Amino acid sequence: MNAIQQFLDTLKYPNRSFGIKGLDLSTCRAYEYQKYDCEIALLHQCSFERDIDNPQLKQTFKEIFAKEYLELHHPIHTNILTRAVLSINNKVVQNAGGYNSFVFFIDKDNQYPWILVNENMFARILITPENLFLAKDLFGVQDFTKWILWAALTEIPKIARNLKAEDLKFCDKKFAINLGIARPYHFFRDDLYWFYKLGLQDCNVLKTPMFFKTKEMKNIVQEERLGIRPALLCNADSFDSQIDLSKNIIVAQALASKELLIGGGGGRRNV
């Protein structure tokens with residue numbers, strides 16, 4: 001597992017390892033999605049082109065989320081299939097309750113580790129042994145981008161120093177959709193919206209307090225699993241429609257169900 005240990009050593013000093021000077025975005029690399037053919041490249045293309053309704057994107061990730069294990073092709077070495085083996089919330093924004101997290105992937109031979117940084121987009125930042133890559137569209141929003149870059153660069157070294165190569169080796173770690181984010185705006189606008197948009201009603205949903213449990217959440221699982229947020233893209237052009245969809249679903253179900261209205265399904269204290 002030398003490749004994993006080398007990756008962890010790289011992550012202990014990310015600025016130095018990747019040539020990033022402070023929060024100077026001119027020293028950061030964009031993920032050149034045009035060069036690759038994989039799920040992450042498709043996601044970044046749709047994000048950059050603001051193609052939130054892309055049918056290939058929806059079908060691809062519906063199938064990904066329907067499986068027991070979260071598996072994606074490596075964003076650089078796209079012929080290598082990798083699996084998520086660990087998910088860690090970013091403690092810098094811990095009060096946001098899973099709003100920002102790091103998901104570690106590895107292939108079956110333990111040779112190709114990488115990290116997906118989830119921050120209201122499924123993979124806004126990618127970290128591989130080669131470099132740290134930002135979504136291309138982030139370079140147009142300087143202040144926000146510097147904030148999420150700071151959050152990643154602040155926490156990653158701490159995590160790397162507390163992990164062993166053994167913690168990231170390939171294993172059969174199941175995952176479930178995590179709707180337990182502590183920020184209501186992002187729960188309704190992002191996670192619940194994408195839960196319906198991708199048609200994830202038959203997927204496993206992590207048993208955790210959430211703001212509203214809909215009747216379509218059929219498979220609530222409580223065993224220990226990786227919690228993965230379903231929100232794929234964050235596009236300001238579609239914010240109103242995202243809120244409207246969630247609002248219409250919640251109002252319709254709440255009015256039709258006394259249980260939901262009177263202590264049954266809503267609220268962070270219930271599941």
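**Entry 1: the β4-β5 pair.** I started in the middle of the sheet chain order and found β4 (100-107) joined to β5 by 6 bridges, with the two strands running antiparallel. This is a predicted model, so I kept in mind that local features are read where pLDDT is at least 70. For one register point I looked up F104, which stands opposite I115 in β5. The connection is a hairpin with 6 residues between β4 and β5. In that turn I noted N110, whose phi is positive at about 60°.

**Entry 2: on to β6.** Next I followed β5 (114-119) to its other neighbour, β6 (125-127). I found 3 bridges between β5 and β6, again in the antiparallel sense. V117 has I125 in β6 as its bridge partner. Here too the link is a hairpin, this one with 5 residues between the strands. Its turn holds N120, which has a positive phi of about 60°.

**Entry 3: is β5 buried or exposed?** I asked this of the residues of β5. The strand is mostly covered, and 6 of its 6 residues are buried. I then sorted the side chains by direction: W114, L116 and N118 point one way, while I115, V117 and E119 point the other way. Both sets are buried, N118 and E119 included.

**Entry 4: the whole sheet.** Zooming out, I traced 7 strands in an open sheet, in the order β1-β7-β6-β5-β4-β3-β2, with mixed pairing. The edges are β1 and β2 (71-73), each of which pairs on one side only. A reminder to myself: strands of a sheet pair through backbone hydrogen bonds, either parallel or antiparallel. The parallel case I looked up is β1 with β7 (residues 132-134), which pair over 2 bridges. There, R29 has F133 of β7 as its bridge partner.

**Entry 5: what lies across the sheet?** I checked which strands helix α5 lies across. Helix α5 (residues 142-161) lies across β3 (81-89), β4, β5, β6 and β7. Against β4, the helix runs at about 60°.

**Entry 6: a surface patch.** Last, I went looking on the outside and found a nonpolar surface patch of about 260 Å². Its members are L23, W147 and W150. L23 sits in the loop between α2 (14-18) and β1 (29-30). Why does L23 count as partly exposed? Its relative accessibility is 32%, and partly exposed covers the range between the 20% limit for buried and the 50% limit for exposed.

Methods. Residues are numbered from 1 along each chain as its sequence is written. This is a predicted model: local features need pLDDT of at least 70, side-chain atom pairs count only at pLDDT 80 or more; totals for chains, interfaces and linings use all residues. Side-chain values use heavy atoms; hydrogens and water are left out. Patches are made of residues with over 30% relative accessible area and no salt bridge: like charges are joined within 9 Å, nonpolar side chains (Val, Leu, Ile, Met, Phe, Trp, Tyr) within 5 Å. Accessible areas come from the Shrake-Rupley method with a 1.4 Å probe; for residues, only the protein chains shown count as cover. A salt bridge is a side-chain nitrogen of Lys or Arg within 4 Å of a carboxyl oxygen of Asp or Glu. Helices (H or I, at least four residues) and strands (E, at least two) are DSSP runs, numbered from the N terminus. Buried means under 20% relative accessible area, exposed over 50%, partly exposed in between (1.4 Å probe, protein chains only). Two strands pair if DSSP finds at least two bridges between them. Contact means heavy atoms within 4.5 Å. Axes are lines fitted to C-alpha atoms, for helices over the stretch in contact, and angles run from 0 to 180 degrees between N-to-C directions.
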